[in-house]
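Please open the structure in your viewer and keep the selection tool at hand. The tour below goes from stop to stop, saying at each one what to select and what is there.

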Amino acid sequence: MITKRRFLTLACAGGLASVAPGTRQMARAEGWPAKPIRIIESFPAGVARDARTRVIAEKLSAVLGQQVYVENRPGAGGRLGAQAAVSAPPDGYTFSMLGISDIISKYLYDLAYDVERDLVPVSMIETLPVVLIVSPSLPVKNLAELMSRAKDHPGEMTYGSSGAGSFFHVNALQFLNVTNSDLKHVPYGQGSLMSDLLGGHIDMVFDAVPVYLESLKAGKLRALALTGERRALVMPDVPTFAESGVPAYDRFALYGIAAPKGTPQAIITKMQEAVSQILHQPELYRQWLSEGGNPVGSTSAEFAARLHSESERWSNIVRTNHLRIE
């Protein structure tokens, strides 16, 4: 028989057990961060958005009072980095960069994970217009001339990307769809796409501005058109695709920071606030804007909603092109 005292003891123990998980999460969040934090980046060091990721890590170190470092996990079109991210313990000490290529991958491969299911969006960091950049050896000065040349020389002109199934590959496929053009894809993986573009070994890329800005300003490369409703401040002479007669082509690159599913919400909130604080620093905001980017600093919910809409959009493009990579 259970005595009144024994009943009360059991009841109290049961009550404590029911709140213990939340209490433990809150305690972890209150003491967070207590050790270094890593950000998994799927691009190699010095390639593409890696430079941006390192800026974020450096500034987070100052804001959070703990070292935040970048761990590069390149390979397999970003899938190695994504797998490492979803497999990490949800303790608030592992975050990862999450971009459109990660979303597209779920429609191209048989994956053991789903970034939309297994990662929690923290904050969108930046959106970037996509620019059509050509080698100076290609004898075209605008989009109309390029499309005319593609029509006269089907399958001869080449475009490079970071790999089959990457954002910039699938993005280029959409351009081919809406313009009925025939271009040859040259996937680079971790190769030197920039060097080959400068050397005229490939004709063009569909990519974001920052990596190419210095070469564009120096006249070593030529930008023909960019996505968006208006011209970029950093390239006022480059028309939009809409101005150039191709309004249906209007895709943006974007990326943000995410955490493994199960990371305490209080930690997600603290990290989101820290990232937003950094992205709204006037000096950083002006610098990235001058390089062709658009710093964001969204909420977790806003980033999740944008990823969901992008996922639906890109799944349609993948299906339209019957694209599947074994």
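Begin by colouring the protein chain by pLDDT, since this is a predicted model: the mean over the chain is 89, and 90% of the residues reach 70 or more. Among the elements of the chain, the lowest mean pLDDT, 51, belongs to α1, while the highest, 98, belongs to β1. If you then select residues 7-14, you are looking at a stretch where pLDDT stays under 50 and for which the model has two contacts beyond four places in sequence.

Next, select Trp32 and Pro33, and look at the peptide bond that joins them, which is cis, with omega near 0 degrees. Pro33 belongs to the loop that runs between α1 (4-30) and β1 (37-41). As background for this stop and for some later ones, most peptide bonds are trans, and most residues other than glycine have a negative phi.

From there, go on to Lys35 together with Tyr93, where the lysine lies over the face of the tyrosine ring, at 4.9 Å from the ring centre.

Now select Ala48, in the loop between β1 and α2 (50-64), where phi is positive, at about 55 degrees, although the residue is not a glycine. Is Ala48 buried, partly exposed or exposed? Its relative accessibility is 33%, so Ala48 counts as partly exposed.

The helix α2 itself is the next selection, and a distance between its end C-alpha atoms gives 21 Å, which agrees with the 21 Å that its 15 residues should span at 1.5 Å a residue. Which residues of α2 are buried? They are Asp50, Arg52, Thr53, Ile56, Ala57, Leu60 and Leu64, and these cover an arc of only 150 degrees around the axis, which puts them on the same side of α2. In an α-helix there are 3.6 residues a turn, so residues three or four places apart point the same way. Turn the view to the other side of α2, and you will find Glu58 and Ala62, which are exposed. Just after the helix comes Gly65, with a positive phi near 75 degrees.

While Arg52 is still in view, add Trp288 to the selection: the charged end of Arg52 sits over the ring of Trp288, 4.3 Å from its centre.

For the aromatic residues, select Tyr159, Phe175, Phe206, Phe241 and Tyr249, which ring pairs link into a cluster; the structure holds nine aromatic pairs.

Then move to Asn180, in the loop between α7 (167-179) and β6 (184-187). Asn180 has a positive phi of about 55 degrees although it is not a glycine, and, with a relative accessibility of 71%, it counts as exposed.

Continue to Met194 in helix α8 (residues 193-198), which counts as partly exposed at 21% relative accessibility. Beyond its neighbours within four places in sequence, Met194 is in contact with Val211, Tyr212, Ser215 and Leu221. To relate this stop to an earlier one, select Trp32 as well: the two residues are 162 residues apart in sequence and 40 Å apart in space, C-alpha to C-alpha.

The last selection is Glu310, found in helix α12 (residues 300-320). Is Glu310 buried or exposed? With a relative accessible area of 2%, Glu310 is buried, and, leaving aside its neighbours within four places in sequence, Glu310 is in contact with Ile100 and Leu254.

How values were computed: Residues numbered from 1 in each chain as written. Predicted model: local features only at pLDDT ≥ 70, side-chain atom pairs only at ≥ 80, totals over all residues. Heavy atoms only, no water. Helix = DSSP H or I, 4+ residues; strand = E, 2+ residues; numbered from the N terminus. Buried < 20%, exposed > 50% of the residue type's maximum accessible area, 1.4 Å probe, protein only. Expected span 1.5 Å × (residues − 1). Arc of directions from axis to C-beta. pLDDT = per-residue confidence, 0-100. Contact = heavy atoms within 4.5 Å. Phe/Tyr/Trp six-rings, centres within 6.5 Å; stacked < 30°, edge-to-face > 60°. Lys NZ or Arg CZ within 6 Å of the ring centre and 35° of its normal.
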